[in-house]
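Notebook open. I want to look up the overall build first, and then any hollow spots.

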Amino acid sequence: MTLIPVIMSGGVGSRLWPVSRETHPKPFMPLPDGQNLIRKTFIRAASLDDVVEILTVTNNGLLFKTEDEYLRAGCTQVSLSFILEPFGRNTAAAVTAAALQVGETYGLDAQILILAADHLIRDQAAFAEAVRKARQLAAEGWLVTFGIRPEYPETGFGYIEVDSSLGSGLRVRRFVEKPDLATAQSYIAAGNYYWNSGMFCFRVGTLLEELQVHAPKVLEEVRAAMDCSRLSEAGRHRCLLLDADRFSKVPDISIDYALMERSSRVATVPCDIEWSDIGSWNAISELTPMDAEGNRCEGEVVVHEAHNNYVQSAGRLTALVGVEDLIVVDTPDAILVAHKDNVQDVKHIVGQLKRSGHDAHLVHRTVHRPWGTYTILEQGDRFKIKRIVVKPKASLSLQMHHHRSEHWVVVSGMAHVINEEHEFMLNTNESTFIPAGHKHRLENPGVIDLVLIEVQSGDYVGEDDIVRFDDVYGRAGG
């Protein structure tokens, strides 16, 4: 049978702020080994047997970042496709859309392996063996989940209670929500409970049959949204852009609530795969070696009489004196200081930032675009200074600004510039001026990054003062 891994990449990861933000969420966070979770997930999926294609369900705004990560990972033996959501609608919608697309392409006997883009699995061999067992059960008509053997009474995970054996796995009796500590301890003592990993394996036909029985509204509305959708011109691979109006009608519900907790055809494969959902700064800290005082430090860190702290400080020196059990995360525009016992509450800070309109929940000072990045170096009432990096052979849209003018100074590389009817090249240490109201475009025709400094000035320097006339990435005009 054909196996299509489906990578779902839709969460914000608000408990990992200030590194995880809406436009640069948890799957893209760099880990101590230099990779990130989405790249690791892609490599893990591509390494499985019988994989001919990897389908990714993600937000429309994350397409280019995702493609770049897959390109860096290599694994060119598999083809890629994408389903692009205009906004998040929970996992039932994403899984159903994936099943419908795979079923149409490969038939109802094809199998899909649902993987979260933000989980860490260290034992690839054990993971591959668990997938093999899950595929056997899926071929027999079971909806298969992967149960993680609990190492301690965790209160932040859902649990799976199992009963009878099914040969390659165990029959699921019920799913239970995140328990309190006493209940979690009783689950560990009972021995027939597993952590719910959020990974699944389905035969497409079985999944669609069970959705029709237990979640017909989800199936109906997702099918309608896909029927109204279009192939996107953006990206370098096949991309189906879901219709926003129809997609908004899909019930906002997880696949666990919509189906897994209701079906009588659910099995689990118990596995020891060194799994973590990297759900908090405590989990991130465990990826860094500990010193003699229990501190785990990344970056330039000095400690004195400090114990059991985690510090991430990539950009500047951080010093800790006489403190313990703290999480300290320093980014260019925000610093988090939290007690280890309260790391789950970081999401409340993100909520406050959203309500106040502060953009620190949304973007970093360095912002990724399909063509490269820009970093805000300084800004004031009527000016903004940026460092812009344009990837080789990439170009910005043909655009215009109503309220600001721009000065460009090339620091390295070569720039091809369009400024109204003028078209010319800029070399290192050369500059130009773009008046407000002028149609203009910046392109990197070279083979190395183009780096320039942009100084904006005017009565308004917000990022939404842009009119796009032509854009190779398919972005809208506003």
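Before I quote a surface figure, I note what it is: accessible area here comes from the Shrake-Rupley method with a 1.4 Å probe. On that basis, I get about 21,100 Å² of accessible surface for the protein. Carbon and sulfur atoms own 49% of that area. Note to self: this is a predicted model.

**Entry 1: overall build**

I looked up the secondary structure and found eleven helices and 28 strands. Next I checked the extent: along the principal axes, the C-alpha atoms fill a box of roughly 75 × 60 × 40 Å.

Does that go with a compact globule or against one? I checked the radius of gyration, which is 24 Å, and a compact globule of 478 residues would come out near 23 Å, so the two agree.

Then I asked how much of the protein is buried. Buried residues are 53% of the 478, where buried means under 20% relative accessible area.

I also looked at who touches whom along the chain. Taking contacts with a separation of 6 or more, I see that 69% join residues 24 or more positions apart.

**Entry 2: the cavity**

How many cavities of 30 Å³ or more does a search of the whole structure find? I got one. The largest cavity has a volume of about 40 Å³.

I wrote down its lining: Thr23, His24, Lys65, Val363, His364, Thr366, Val367 and His368. Strand E18 gives the largest share, three residues. Sorted by class, I have two nonpolar, five polar and one charged in the lining of this cavity.

**Entry 3: the second largest pocket**

Now for an open space. The second largest pocket holds about 900 Å³, and 35 residues line it. Which of them lie nearest its centre? I noted His24, Phe28, Pro30, Thr366 and His368. Some of these names rang a bell: His24, Thr366 and His368 are also in the lining of the largest cavity.

Which elements each supply at least two residues of the pocket lining? My list reads helix H2 (63-73) and the strands E15 (310-321), E16 (326-331), E18 (366-369) and E19 (372-379). The largest share, five residues, comes from H2. For the cavity, the largest share came from E18 instead.

Last, I sorted the pocket lining by class: eleven nonpolar, twelve polar and twelve charged residues.

Conventions:
Residues numbered from 1 in each chain as written. Predicted model: local features only at pLDDT ≥ 70, side-chain atom pairs only at ≥ 80, totals over all residues. Heavy atoms only, no water. 1 Å grid on protein atoms, 1.4 Å probe; cavity = no way out; pocket = protein on both sides within 12 Å on 5 of 7 lines; lining within 4 Å. Points joined across faces, edges and corners; volume = space filled by probe spheres on them. Helix = DSSP H or I, 4+ residues; strand = E, 2+ residues; numbered from the N terminus. Nonpolar A, V, L, I, M, F, W, Y, C, P; charged D, E, K, R; others polar. Rg over C-alpha atoms; globule rule 2.2 N^0.38 Å. Buried < 20%, exposed > 50% of the residue type's maximum accessible area, 1.4 Å probe, protein only. Contact = heavy atoms within 4.5 Å.
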